[in-house]
Amino acid sequence: MRVGLVAWGVVVVAMWWLDTSASSLDGGGLLLTALGRVAGLLAAYLMLVQLLLMARVPGLERAVGFDRLAAWHRGLGTNVVLLMAVHILTVVWGYGLTAHHQPLSELVTVIMTYPEMWKATAGALLFVTVGVASARALRRRVSYEIWYLLHLSAYVAVLLVYSHQTATGADFVGHPGNTLLWQGMYVAVAACLVIWRLVLPVAAVVRHRMTVERVVTEGPGVVSVWIRGRDLDRLGVRPGQFLLWRFAARGHAVTAHPYSLSAPAQPHRLRITVKDAGDHSRAIAHLRPGTPVIAEGPFGHFTAEHATRGRALLVGGGGGIAPIRALAEDLAGRGDDVVVVHRASRATDLALRDEFDELSDRRPAVGGPAVGGPDGGRVVVHRVVGSRHELGHDPLAARYLAAAVPDVAERDVFVCGPAGMTLAVVRALRELGVSDEQIHTEEFTLR
């Protein structure tokens, strides 16, 4: 996929190069203007790539994974804003040098007199606002809802910026082939967004008619939401995957949030388990039965099909225990030997504990109860309780993992939980000789 995106970027630069004569680079002003043109083309192209990465195209998600697509989307955002800034500064500066005007005076002239420039200015300001709100230092301070609404405004910004490109851009005025190529790129991305972000989710609402059946408290700050509907097994969601959920209730309808299934899908019922991690997840506990539900997906590679060794280690903490619970049942059901490590600061935080016990045949095993899967798979559950401060060490450090799971290097390992825990466990696994191909993690976040 990366090769394809780079190839199209080369096409964009080639389009600029073929329309650039030697005389148009003669002099400081013209050279700056040419640099601004190519920066603007690349900024617009990367904007389209950003939209495509988040268009929920199934082929892209299966090939790369939702978490990596989201990471690429975030990474490109800074580049788009920088290229846009370079485009504006160099074009205005170049125009000013050529016309012997001060840059600020030239900026006012461009905005006030050039066709479609007021739209481009508004679009650029919107993009800068979104970029600032997405900066690492700020995005955790901005509520998810505000962040989400700001990102929706980026669609408006794309339309505003597009209009000035074809109206005044030197690469498009008088170049119908370039204009057709550019319009085709925009239409293709728009079609992906309409199909997978609008049409198919609406069709799924009609087809599956999902509603909240009940909300069950699983522990302090943890609830399970049972969702009822029609033909839910036809969604194709596998244990360990997540969907983007909207609930037709106040504070829930506009923004989509990623939550994993915490049990294998049934024909008429799904379940998600959510830990209080903010305003939205906290409000999940107050959903009423009968509330309509919209779900997009499924997404994610955190599934049993990536476990090929017949033995697996599952490490979960916090809200990450939800996909671990579903995945443990799936792996045990196909006969795999499974070890589950459930990390919690307090015993009361061990959500879904009873369900792990229900899977158990209660044969004693070293470090925890042995659990028999429905079709004979063996699961050993290790419950690791206590804060680092209380224990005096990290109980998931390499030597403790090796003591609990001596054959860890021979297992596929799935890790899901808070970012700090996941990074620490992955580091410990590498110390123990577990290859990156054996380690499976997933970041369930859009920002």
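Reader: With which residue does arginine 383 form a salt bridge, and how far apart are the closest N and O atoms?

Author: The term salt bridge stands for a side-chain nitrogen of Lys or Arg within 4 Å of a carboxyl oxygen of Asp or Glu. Arginine 383 pairs in this way with aspartate 357, and the closest N and O atoms are 3.1 Å apart. Arginine 383 belongs to strand 11 (residues 378–385) and aspartate 357 to helix 12 (residues 353–358), so the pair ties together parts that are 26 residues apart in sequence. Helices (H or I, at least four residues) and strands (E, at least two) are DSSP runs, numbered from the N terminus.

Reader: What kind of model is this, and which residues and atoms count?

Author: The model is predicted: local features need pLDDT of at least 70 and side-chain atom pairs count only at pLDDT 80 or more, while totals for chains, interfaces and linings use all residues. Residues are numbered from 1 along each chain as its sequence is written, and side-chain values use heavy atoms, with hydrogens and water left out.

Reader: Are arginine 383 and aspartate 357 buried or exposed?

Author: Relative accessible area under 20% is called buried, over 50% exposed, and in between partly exposed (1.4 Å probe, protein chains only). Arginine 383 has 21% and is therefore partly exposed. Aspartate 357, at 22%, also counts as partly exposed.

Reader: How many salt bridges are there by this rule, and which residues are linked in a network?

Author: The count is 21 salt bridges. A network of them links Arg311, Asp337, Arg378, Asp407, Glu410 and Arg411. Within it, arginine 311 and aspartate 407 form a salt bridge whose closest N and O atoms are 2.9 Å apart. Arginine 311 sits in strand 7 (residues 311–317) and aspartate 407 in the loop between helix 14 (398–404) and strand 12 (412–416), so this pair ties together parts that are 96 residues apart in sequence. Arginine 311 is partly exposed because its relative accessible area is 29%. Another salt bridge joins arginine 214 to glutamate 213, at 3.0 Å between the closest N and O atoms.

Reader: How many disulfides does the count give?

Author: A disulfide is a pair of cysteine sulfur atoms within 2.5 Å. By this rule there are 0 disulfides. As for individual cysteines, cysteine 192 has 16% relative accessibility and so counts as buried. Cysteine 416 is buried as well, at 4%.

Reader: In what order do the strands of the open sheet lie?

Author: Strands of a sheet pair through backbone hydrogen bonds, either parallel or antiparallel. Two strands pair if DSSP finds at least two bridges between them. Here 3 strands form an open sheet in the order 1-2-5, with antiparallel pairing. Strand 1 and strand 5 are the edge strands, each pairing on one side only. On average, neighbouring strands of this sheet are turned by 20 degrees against each other, direction ignored. For such angles, axes are lines fitted to C-alpha atoms (for helices over the stretch in contact), and values run from 0 to 180 degrees between N-to-C directions.

Reader: How many bridges join strand 1 and strand 2, and how many join strand 2 to strand 5?

Author: Strand 1 pairs with strand 2 over 7 bridges; one partnership is that of valine 215 with valine 225 in strand 2. Strand 2 (residues 222–228) is joined to strand 5 by 7 bridges, and arginine 228 has arginine 269 of strand 5 as its bridge partner. In strand 5 (residues 269–275), 5 of the 7 residues are buried.

Reader: Which members of the largest nonpolar core touch the most other members?

Author: A nonpolar core is a set of buried Ala, Val, Leu, Ile, Met, Phe, Trp, Tyr and Cys residues joined through side-chain atoms within 4.5 Å. The largest one has 39 residues, of which Leu41, Met47, Leu69, Phe127, Trp182 and Tyr186 touch the most other members. Helix 2 supplies the largest share of this core, 11 residues. Contact means heavy atoms within 4.5 Å; leaving out residues up to four places away in sequence, methionine 47 touches Val80, Met84, Phe127 and Val161. Apart from this core lies another, of 21 residues, including Phe302, Ala304, Leu331 and Leu352.

Reader: Which backbone angles deserve a look, starting with the peptide bond that joins glycine 297 and proline 298?

Author: That bond is cis, with omega about 10 degrees, and proline 298 lies in strand 6 (residues 293–299). Arginine 209, a residue other than glycine, has a positive phi near 45 degrees. Arginine 209 is in the loop between helix 9 and strand 1 (211–219) and, at 53% relative accessibility, counts as exposed. Aspartate 231 also has a positive phi, of about 50 degrees, and is found in the loop between strand 2 and strand 3 (242–247).
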